[in-house]
Amino acid sequence: CGSSSSVASMSGSASKSQNSDLSNLDHTTMPPVAVLYDEIDAHVGGRAAVAVAKLLADQTMKSSVKLIDDGIILEGMNGDMSGQRQVLSITHSPSVAAIADRHIVIQREAKTGVERRGHKEYVQILAATVDGLDRRRELARMASGDLASDEAEIFAEALIRDGSLHKKKQQQGP
């Protein structure tokens with residue numbers, strides 16, 4: 001019996017010179033570089049799940065801190081250099097996974113019959129990045145299981161399109 005979940009990775013980028021010394025920065029005023037959420041979208045669906053997904057995506061852009069020290073520049077929205085942070089979200093929500101820049105499927109499978117470290121049973125964890133058609137199919141599976149797969153793929157495509165439009169608006173700024 002296997003189970004799967006997804007890791008949605010929304011990331012920005014920061015620029016720094018090769019010779020920079022991070023020890024001089026005031027870490028109390030520096031925004032987080034990465035944030036990890038474990039099923040922050042649990043027990044929500046529909047519009048609420050879409051809203052959570054967009055809030056998570058927005059977190060990659062909302063850095064209002066500008067630090068210039070030893071060649072390091074982190075700047076907020078609408079700047080030349082992005083002060084974006086990476087957001088990782090472990091999710092079962094197709095809305096969250098669809099807005100992500102990168103979609104990683106994590107599968108857990110119980111294996112039997114092979115002796116390993118004195119045990120005949122063990123768990124195998126598989127991780128794979130999905131994109132294109134595979135991503136659309138995975139989002140459809142997340143949304144409906146094995147029911148109405150054609151309709152679920154249409155829904156998955158709409159989620160991807162909505163996420164893409166949100167990210168374009170996000171990059172353009174207010």
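**View 1. Helices α3 and α4 sit roughly perpendicular to each other.** This is a predicted model, and the close-up is on the spot where these two helices meet. Their packing angle comes out at about 110°, and since angles of 65 to 115 degrees count as roughly perpendicular, that is the label α3 and α4 get. Helix α3 covers residues 132–144, and its axis lies 8 Å from that of α4. As for handedness, α3 and α4 make a right-handed crossing.

**View 2. Here are the side-by-side residues of the α3 and α4 contact.** From α3, look for L133, R136, R137, L139, A140, A143 and S144. Across from them, α4 brings in A152, E153, F155, A156, E157 and I160. What classes of residue make up the contact of α3 with α4? The tally is 8 nonpolar, 4 charged and 1 polar.

**View 3. A search of the whole structure turns up 1 cavity of 30 Å³ or more.** Its volume is about 60 Å³. Three helices each give two or more residues to the lining: α1 (46–59), α2 (94–99) and α4 (149–172). So α4 turns up again here, having already been seen packing with α3.

**View 4. Now for the residues that line the largest cavity.** Going along the chain, you'll find V50, A53 and K54, then S95, A98 and I99, and finally L159, D162 and G163. Which classes do these lining residues fall into? Nonpolar residues number 5, with 2 polar and 2 charged ones making up the rest.

Methods
Residues numbered from 1 in each chain as written. Predicted model: local features only at pLDDT ≥ 70, side-chain atom pairs only at ≥ 80, totals over all residues. Heavy atoms only, no water. 1 Å grid on protein atoms, 1.4 Å probe; cavity = no way out; pocket = protein on both sides within 12 Å on 5 of 7 lines; lining within 4 Å. Points joined across faces, edges and corners; volume = space filled by probe spheres on them. Helix = DSSP H or I, 4+ residues; strand = E, 2+ residues; numbered from the N terminus. Nonpolar A, V, L, I, M, F, W, Y, C, P; charged D, E, K, R; others polar. Axes fitted to C-alpha atoms, helices over the stretch in contact; angles between N-to-C directions. Parallel < 35°, antiparallel > 145°, perpendicular 65-115°, else oblique. Left-handed = near helix turned anticlockwise from the far one by under 90°. Contact = heavy atoms within 4.5 Å.
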